[in-house]
Amino acid sequence: MHTRLTSVKAEMASSEHNPKPESGIRVFVRKRRLRKPQVITENIVKVEPQIITENIVKVEPQDQKFGSLPDIEEFAYKKPSISLPLRKSKPISNNNDKTEFKPPSDWVKILEGIREMRSLEDAPVDSMGCEKAGNSLPPKERRFAVLVSSLLSSQTKDNVTHGAIQRLLDNNLLNPETIDTADESAIQKLIYPVGFYTRKASNMKKIAKISLLNYHGDIPNTLEGLLSLPGIGPKMAHLVMNVAWNNVQGICVDTHVHRICNRLGWVPKTKTPEETREALQMWLPKEEWVPINPLLVGFGQTICTPLRPSCGLCSVNGLCPSAFQEATPKKKSRLKTELSES
């Protein structure tokens with residue numbers, strides 16, 4: 001009995017030093033905290049319903065984003081409530097529209113005067129121009145000859161181009177089949193001394209290959225197709241379209257036509273032949289588009305030359321705003337220069 005009482009006292013003493021009920025209270029509090037938000041929410045809803053209503057409106061969409069998938073209608077296209085103004089595209093310029101561009105005064109008289117001065121047809125272009133290439137050949141071969149002649153004519157005088165074409169014709173190298181199989185160095189020797197003859201020989205080989213692969217040995221019959229060929233620019237493409245296909249789509253403007261049109265004031269001080277072509281086509285009647293090239297080229301080769309134009313021999317110098325203004329001054333002798341500097 002004494003032993004049992006001693007054990008009971010020992011248990012009571014240990015319970016005073018290590019109270020177990022405290023740990024049980026902590027567990028109970030944690031369990032009640034898990035249930036506490038529900039109880040508090042109910043109480044607050046009864047006391048301040050307006051505040052809770054606002055909070056619920058703000059909180060519920062967040063819970064919906066993270067807790068459920070959005071409705072498919074949220075991704076549907078919605079027409080904007082504000083109608084935006086449409087962008088206006090720039091008007092496309094029409095070269096055939098002559099109403100917006102006033103032709104220069106006295107251009108008809110000037111053109112008639114140039115025709116009279118060119119009536120003898122004694123300029124190099126009259127007998128050795130690109131349009132004269134392959135006159136005796138069949139139509140298909142002549143078209144290719146005109147294309148090659150136009151290619152060689154760049155930065156080259158007509159007599160030099162004509163000589164190169166004749167050498168190619170004599171050696172049976174004026175058709176795509178023989179050019180394609182010929183050695184490039186041989187072509188270079190035949191077309192020398194045309195300007196940039198090495199590059200032009202390479203372009204001749206490329207054009208021959210394209211002609212055989214894409215056009216059955218012929219040349220393109222569109223302006224875009226001709227411009228896609230290596231070494232062919234707008235001036236050459238328009239010339240080939242006019243001569244080879246009898247299809248007039250623009251004026252062939254080279255350096256002579258470009259220079260003379262600016263001297264006559266027919267175009268607004270253009271910087272390139274392509275700008276001159278676009279400006280000239282704005283007002284020049286289409287029936288003049290083909291003859292204007294050989295007419296002005298021959299005029300530029302004989303009278304209205306690049307340096308020291310023969311304005312005294314020109315019958316339209318009274319109508320030309322540039323007459324007697326571009327004479328090149330004579331070079332001073334070295335002795336006079338040295339004396340003036342001393």
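## An all-helix chain with no disulfides

The structure holds zero disulfides, a disulfide being a pair of cysteine sulfur atoms within 2.5 Å. Why is cysteine 304 not in one? Its sulfur is 6.6 Å from the closest cysteine sulfur, in cysteine 320, so the gap is too far for a bond. Cysteine 311 is in no disulfide either, with the sulfur of cysteine 320 the nearest at 6.5 Å. Both cysteines are buried, cysteine 304 at 11% relative accessibility and cysteine 311 at 14%. Buried here means under 20% relative accessible area, exposed means over 50%, and partly exposed is in between (1.4 Å probe, protein chains only).

Some ground rules: this is a predicted model, where local features need pLDDT of at least 70, side-chain atom pairs count only at pLDDT 80 or more, and totals for chains, interfaces and linings use all residues. Residues are numbered from 1 along each chain as its sequence is written, and side-chain values use heavy atoms, with hydrogens and water left out.

**Overall build**

The chain has 16 helices and zero strands; these are DSSP runs numbered from the N terminus (helices H or I, at least four residues; strands E, at least two). Of the 342 residues, 34% are buried. Take the contacts (heavy atoms within 4.5 Å) with a separation of 6 or more, and 60% of them join residues 24 or more positions apart. The accessible surface is about 23600 Å², with 56% of it on carbon and sulfur atoms; the areas come from the Shrake-Rupley method with a 1.4 Å probe, and for residues only the protein chains shown count as cover.

**How far to trust it**

The pLDDT (the predictor's confidence in each residue, from 0 to 100) averages 78 over the chain, and 66% of residues reach 70 or more. By helix, the mean is highest in H10 (residues 197–214), at 98, and lowest in H16 (residues 334–341), at 42. Two stretches drop below 50: residues 39–99, with 15 contacts beyond near neighbours in sequence, and residues 332–342, with one such contact. Where pLDDT is low, the predicted coordinates should not be read in detail.

**The largest pocket**

The volume of the largest pocket is about 800 Å³. A pocket is an open set of points on a 1 Å grid over the protein atoms alone, where a 1.4 Å probe fits and protein lies on both sides within 12 Å along at least five of seven lines; lining residues have an atom within 4 Å of a point. Points are joined across faces, edges and corners, and the volume is the space filled by probe spheres set on them. Among the 31 lining residues, Ser153, Thr156, Asp254, Thr255 and His256 are the closest to the centre. H5, H7, H12, H13, H14 and H15 each supply at least two residues of the lining.

Histidine 238 sits in helix H12 (residues 234–244) and is buried at 4%. Leaving aside neighbours within four places in sequence, histidine 238 touches Leu223, Gln249, Gly250, Ile251, Cys252 and Arg277.

**Backbone oddities**

The peptide bond from tyrosine 192 to proline 193 is cis, with omega near 15 degrees. Proline 193 is in the loop between H9 (184–191) and H10. Two residues other than glycine have positive phi:

| Residue | Phi | Loop | Relative accessible area |
|---|---|---|---|
| Lysine 269 | near 50 degrees | H13 to H14 | 65%, exposed |
| Arginine 308 | near 50 degrees | H15 to H16 | 47%, partly exposed |
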